[in-house]
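Work through the exercises below with the sequence and the structure open. Each task is followed by a solution in steps.

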Amino acid sequence: MPTKARPLALLAELTYRCPLKCPYCSNPLQLARYNRELDTDTWKRVLAEAALLGVVHVHFSGGEPLVRHDLAELVREARQLDLYSNLSTGAMLADVATLTQLRESGLDALQVSLLDARASGNDHLAGMASFEKKRQAVEIGRQLEFPITLNVVLHRHNLDHLEEIIRLACEWRVHKLELAHTQYVGWAFRNRHSLLPSREQVQRAAEIVTGARRRLEGQLEILHVMPDYFQEFPKACLHGWGNAYLTVAPDGAVLPCQAAREIPGLEFKNVQEDSLESIWFDSPVFNRFRGTQWMPEPCRSCDRKEIDFGGCRCQAYLLTGDVAATDPVCHLSPQHDLVTAARIEEKGLEAKGPEADRRDEQFAYRTFSS
Amino acid sequence: MSDCKIRRPQLVRHARYRCDEMRRQHQIVFPESLLELNETGAAIVQRCDGRKTEELIADLRRQFPDQETDDVHEFLGRLLQRGLLCDADES
């Protein structure tokens with residue numbers, strides 16, 4: 001369905017290269033297939049086209065965007081275009097000189113990922129020692145007066161350390177703590193068996209966050225993205241497909257969602273051949289799940305169709321094989337048993353006891369060679 | 001309090017006033033968010049440069065003669081509460 005809506009935010013995935021190996025990375029599994037990155041001039045054109053299209057926020061992301069030597073130049077370009085720029089980094093390359101140069105180039109905000117409150121847990125999950133780098137990056141960022149968000153993806157291996165994570169965020173004096181439960185797409189879907197928490201962990205986390213919000217009001221903002229596997233209804237993925245967000249992947253493919261390129265049968269246009277404007281408004285892939293016409297039952301006659309937009313297309317595909325199905329996390333989905341089964345499997349493993357539980361040794365770490 | 005008195009309002013460093021020509025909209029942009037402003041709101045925010053609140057209101061009245069002082073204080077209070085304003089005296 002055609003739209004008049006214009007995107008507010010561009011996720012500029014500058015590269016899939018990254019020193020970290022997080023087992024829930026949102027990048028595609030077939031990383032090596034997309035290793036030809038756009039050059040600097042093309043990215044500058046993308047930024048200019050994004051600004052013209054109505055984009056307000058640009059999120060420089062990856063992979064690790066700091067591996068790109070032209071990042072400061074792109075930040076400067078974004079600033080000149082009056083875009084509000086944000087950098088998401090894993091912090092391995094975030095030294096004083098680099099962050100200072102980015103600040104001077106006009107970077108507005110900084111997001112640093114953290115995998116666990118404990119160095120050992122963080123480093124184990126990341127597949128390498130990185131905790132200390134993250135702590136330093138936050139400190140440097142604070143000295144440069146960046147607004148800093150600490151991003152923590154939650155799952156069974158760090159949920160029991162949530163109080164410590166919140167304490168650390170206070171200690172490090174970040175502005176915002178984003179606690180996002182793992183979304184089971186990309187690498188996280190591959191590692192779902194190892195990452196899926198228990199219902200008890202999820203409930204306890206919600207209580208801890210509620211308490212912390214009350215205690216820390218005015219001091220630390222906490223964003224809590226709930227785990228949709230444990231909820232009644234799906235999340236309002238992207239606030240609707242092709243409605244407010246777009247992603248440009250390292251090779252120039254334009255995606256409605258960063259995880260969407262793993263859905264077979266969808267043909268993504270590339271900024272090297274088409275303008276961002278024509279891709280946003282006219283490409284079949286962006287129009288495919290706009291509005292409500294595409295929806296199957298039970299979505300089509302559901303009161304919530306304008307609230308959650310049928311949920312996540314990537315999740316629908318991964319679980320059911322049908323990209324146009326109702327997101328199975330919805331309890332009204334005829335295929336909801338696919339999600340129940342995953343929870344039952346988790347419960348079975350939990351019941352075996354810690355001795356028999358080898359889930360933290362079974363990560364498929366993110367790698368280019370798979 | 002939403003109407004707390006702020007002496008010398010200015011936007012915090014991470015918030016920016018922005019005129020979105022595409023949407024014909026005045027905005028304050030800040031991390032992962034934006035606040036849409038009406039004409040009066042935009043006129044106030046554009047004057048949040050560290051001058052005294054009384055001067056800001058006096059200047060604002062040149063453009064909007066009927067503007068109530070209390071409404072301006074309330075608006076500034078709301079921005080302060082959202083962490084978008086600070087007091088130039090304290091920074």
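**Exercise 1. Strand 2 and its partners**

Which residue in strand 3 of chain A does A:His59 stand opposite? Then describe how the two strands pair.

Solution. The model is a predicted one.
- Step 1: Find A:His59 and look across to strand 3 of chain A; the residue opposite is A:Asn86.
- Step 2: Extend the view to the whole pair. Strand 2 and strand 3 (residues 84-89) of chain A are parallel and share four bridges.
- Step 3: Turn to the pairing of strand 2 (residues 57-61) with strand 1 of chain A. These two also run parallel, and five bridges join them. One facing pair here is A:Ala12 and A:Phe60.
- Step 4: Follow the chain from strand 1 to strand 2. The path passes through helix 1 (residues 40-53) of chain A, and the resulting β-α-β crossover is right-handed.

**Exercise 2. Strand 1 in the sheet**

State whether the residues of strand 1 of chain A are buried or exposed, and place the strand in its sheet.

Solution.
- Step 1: Count the buried residues in strand 1 (residues 9-13): five of its five qualify.
- Step 2: Separate the two faces. On one side are A:Ala9, A:Leu11 and A:Glu13, on the other A:Leu10 and A:Ala12, and both faces are covered.
- Step 3: Identify a further partner. Strand 8 (residues 245-248) of chain A pairs with strand 1 in parallel fashion over four bridges, and A:Ala12 faces A:Val248 there.
- Step 4: Write out the sheet. It is open, has nine strands in the order 7-6-5-4-3-2-1-8-9 in chain A, and its pairing is mixed. Strand 7 (221-225) and strand 9 (254-255) are the edge strands, each pairing on one side only.
- Step 5: Add a helix. Helix 6 (residues 162-171) of chain A lies across strands 4, 5, 6 and 7, at about 155° to strand 6.

**Exercise 3. Backbone exceptions**

Which peptide bonds involving A:Gly63 and A:Pro298 are cis, and which residues named here have a positive phi without being glycine?

Solution.
- Step 1: Recall the background: most residues other than glycine have a negative phi, and most peptide bonds are trans.
- Step 2: Inspect the bond between A:Gly62 and A:Gly63. It is cis, with omega about 15°. A:Gly63 belongs to the loop between strand 2 and helix 2 (71-80) of chain A.
- Step 3: Inspect the bond between A:Glu297 and A:Pro298. This bond is cis too, with omega about 5°. A:Pro298 sits in the loop between helix 11 and helix 12 (305-308) of chain A.
- Step 4: Check phi at A:Glu145, which is positive at about 60°. The residue is in the loop between helix 5 (131-143) and strand 5 of chain A.
- Step 5: Check phi at B:Arg24, which is positive at about 50°. This residue is in the loop between strand 2 and strand 3 of chain B.

**Exercise 4. Buried or exposed?**

Classify A:Ser283, A:Pro354 and B:Arg24 as buried or exposed.

Solution.
- Step 1: Set the cut-offs: buried is under 20% relative accessible area, exposed is over 50%.
- Step 2: A:Ser283 has a relative accessible area of 3%, so A:Ser283 is buried. This serine lies in the loop between helix 10 (276-282) and helix 11 (284-288) of chain A. Beyond neighbours within four places in sequence, A:Ser283 contacts A:Lys269 and A:Ser278.
- Step 3: A:Pro354 has a relative accessibility of 70% and is therefore exposed. This proline is in the segment after helix 14 (337-351) of chain A.
- Step 4: B:Arg24 reaches 78% and therefore counts as exposed.

**Exercise 5. Chain B as a whole**

How does the radius of gyration of chain B agree with that of a compact globule, and what covers helix 1 of chain B?

Solution.
- Step 1: List the elements. Chain B has three helices and five strands, in the pattern β-β-β-β-α-α-α-β.
- Step 2: Compare the radii. For 91 residues a compact globule would be near 12 Å; chain B has 12 Å, so the two agree.
- Step 3: Note the burial: 46% of the 91 residues are buried.
- Step 4: Look at helix 1 (residues 39-46) of chain B, where B:Gly41, B:Ala42, B:Ala43, B:Ile44 and B:Val45 are buried. Their cover includes strands 1, 2, 3 and 4 and helices 2 and 3 of chain B.

Conventions. Residues numbered from 1 in each chain as written. Chains lettered and ligands numbered in written order. Predicted model: local features only at pLDDT ≥ 70, side-chain atom pairs only at ≥ 80, totals over all residues. Heavy atoms only, no water. Buried < 20%, exposed > 50% of the residue type's maximum accessible area, 1.4 Å probe, protein only. Pairing = 2+ DSSP bridges. Right-handed = clockwise from strand over helix to strand, strands pointing away. Contact = heavy atoms within 4.5 Å. Axes fitted to C-alpha atoms, helices over the stretch in contact; angles between N-to-C directions. Rg over C-alpha atoms; globule rule 2.2 N^0.38 Å.
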